[in-house]
Amino acid sequence: MNSKIIKIQKLGFPWETEDPFLMTVHHKDAYPSGNDQQGPNVSLEGRNLGEDFTLRDGFRMYHGKTVPGFPVHPHRGFETVTVVLEGFVDHFDSYGSRGRFGNGDVQWMTAGKGAQHTEMFPLVHQDKGNPLEFFQIWLNLPAKDKFADPEYKMLWAEDIPEVESAAANGQKTTVRMIAGSVMGKSSLEPNSASWANDKNHHVGIYVIHMEPEAVFTLPSVSATMTRNIYYYQGDKLNIDETAIETYHRVKLAGDQEITITNGLSESYMLLLEGEPIQEPVVSYGPFVMNTEQEIHDAFRDYQNTQFGGWPWDRPDPVNKRESGRFASYKDGRVEKR
């Protein structure tokens, strides 16, 4: 190790993160063609439906029984940032919002004081496979914002800024900015209560693609921030002369320029960085608060209010197969892509 690399760790499930991030999960499932219900058009016999987290025939059903995914469940006290690389996700929530997003889209959801939602994975193609790959990133909220009003917004693929940097050999690195700024260019705005909304918090969420033998330098930002690269696809690369194998996390100094030199294959990385919130974290399942009492309160409030109830006719709703990418918000706004 050197002063720039603090730790190297093989990735598990979920991925280990650091304050202000709580957790990241990398989902990658090779779903087959879809049936009339937008579920897998194959036998599900032998699976532990409702709790199917075992990769079998290339995919998992998760908590879904007909359509794979996560039927209705509550959250409080943090944000989910869902970055879809390939495939589709259907969203429904307790405030009457719904949508379908995928193939580069990002959903930013502030659970705040409490929301119920679903994340189902509709298999929209009946004549071919439905591969799905996405990251779900949990970003904490500081105590003063844990009871913010729930908010959800879409960062559509076509609108997400990218920067491109070419090395001396002409090989390119492309940085897709979900949050933060790179080379003088800034991301779209996060939700209003987000820790990422204050530029002084230096929150960065970036998906990085490097061509073979490309070279890219991360700038020095701050001595106090956490900075982690998740190298999830490729062969190998060097970070300041240290060889890194694929599917590893590398914790980096935030106040150093870091040079990444790619090997002979294309490489893909997720970079998460930001100033820590530095408050106690007490989490239990879907709730992340600052004290044990607040966790008890969250369960009580959920039992009493259902965080707005559930306005849909089933716990695992999906949009129509032909609905396309869209978001319908509680205030009546509809975005179509």
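In the predicted model, Thr80 stands opposite Met109, a residue of strand 7. This pairing belongs to the contact between strand 4, residues 78–86, and strand 7, which run antiparallel and are joined by five bridges. Strand 7 comprises residues 106–110 and is mostly covered, with five of its five residues buried. The cover extends to both faces of the strand: Val106, Trp108 and Thr110 are buried on one side, and Gln107 and Met109 are buried on the other.

Strand 7 also pairs with strand 10, which consists of residues 151–155; this pairing is antiparallel and again runs over five bridges. Within it, Gln107 is set opposite Met154 of strand 10, while Thr110 has Glu151 as its bridge partner in that strand. Strands 4, 7 and 10 are members of an open sheet of five strands, whose order is 2-9-4-7-10 and whose pairing is antiparallel. The edges of this sheet are formed by strand 2 (21–31) and strand 10; each has a single partner strand, so one side of each is left without a neighbour in the sheet. On average, and with direction ignored, neighbouring strands here are turned by 15 degrees against each other.

A further open sheet contains six strands in the order 3-8-5-6-25-26, also with antiparallel pairing. Its edge strands are strand 3 (69–75) and strand 26 (334–336), each of which pairs on one side only. The twist from one strand to the next averages 15 degrees. At one end of the strand order, strand 3 is paired with strand 8, residues 115–120, in the antiparallel sense over five bridges. His73 has His117 of strand 8 as its bridge partner.

Both of these histidines appear in the UniProt record, an unreviewed entry, which lists His73, His75, His117 and Glu119 under "binding site". Although the four listed residues span 47 residues in sequence, no two of their C-alpha atoms are more than 12.6 Å apart, so they gather at one spot. Of these residues, His73, His75 and Glu119 are included in the lining of the largest pocket.

Two of the annotated residues may be described in further detail. His75 is found in strand 3 and, at 3% relative accessibility, counts as buried because the cut-off for burial is under 20%. Leaving aside neighbours within four places in sequence, His75 is in contact with Met109, Ala111, Gly114, Ala115, His117, Trp138, Pro286, Phe287 and Phe307. Among these contacts, Met109 is a buried residue of strand 7, and His117 is another position listed in the record.

His117 lies in strand 8 and is likewise buried, with a relative accessibility of 0%. With neighbours within four places in sequence again left aside, the contacts of His117 are Pro71, Val72, His73, His75, His91, Phe92, Asp93, Met109 and Trp310. Met109 thus appears in the contact lists of His75 and of His117, and Met109 is also the residue that Thr80 stands opposite.

The same unreviewed UniProt entry carries the annotation "domain: Pirin C-terminal" for residues 207–308. In the model, the end C-alpha atoms of this span lie 34 Å apart, and the span is 14% helix and 47% strand. Two residues in contact with His75, Pro286 and Phe307, have numbers that fall inside the annotated range of 207–308.

Technical notes:
Residues numbered from 1 in each chain as written. Predicted model: local features only at pLDDT ≥ 70, side-chain atom pairs only at ≥ 80, totals over all residues. Heavy atoms only, no water. Pairing = 2+ DSSP bridges. Helix = DSSP H or I, 4+ residues; strand = E, 2+ residues; numbered from the N terminus. Axes fitted to C-alpha atoms, helices over the stretch in contact; angles between N-to-C directions. UniProt positions renumbered as here; feature names shortened; annotations may be inferred. 1 Å grid on protein atoms, 1.4 Å probe; cavity = no way out; pocket = protein on both sides within 12 Å on 5 of 7 lines; lining within 4 Å. Buried < 20%, exposed > 50% of the residue type's maximum accessible area, 1.4 Å probe, protein only. Contact = heavy atoms within 4.5 Å.
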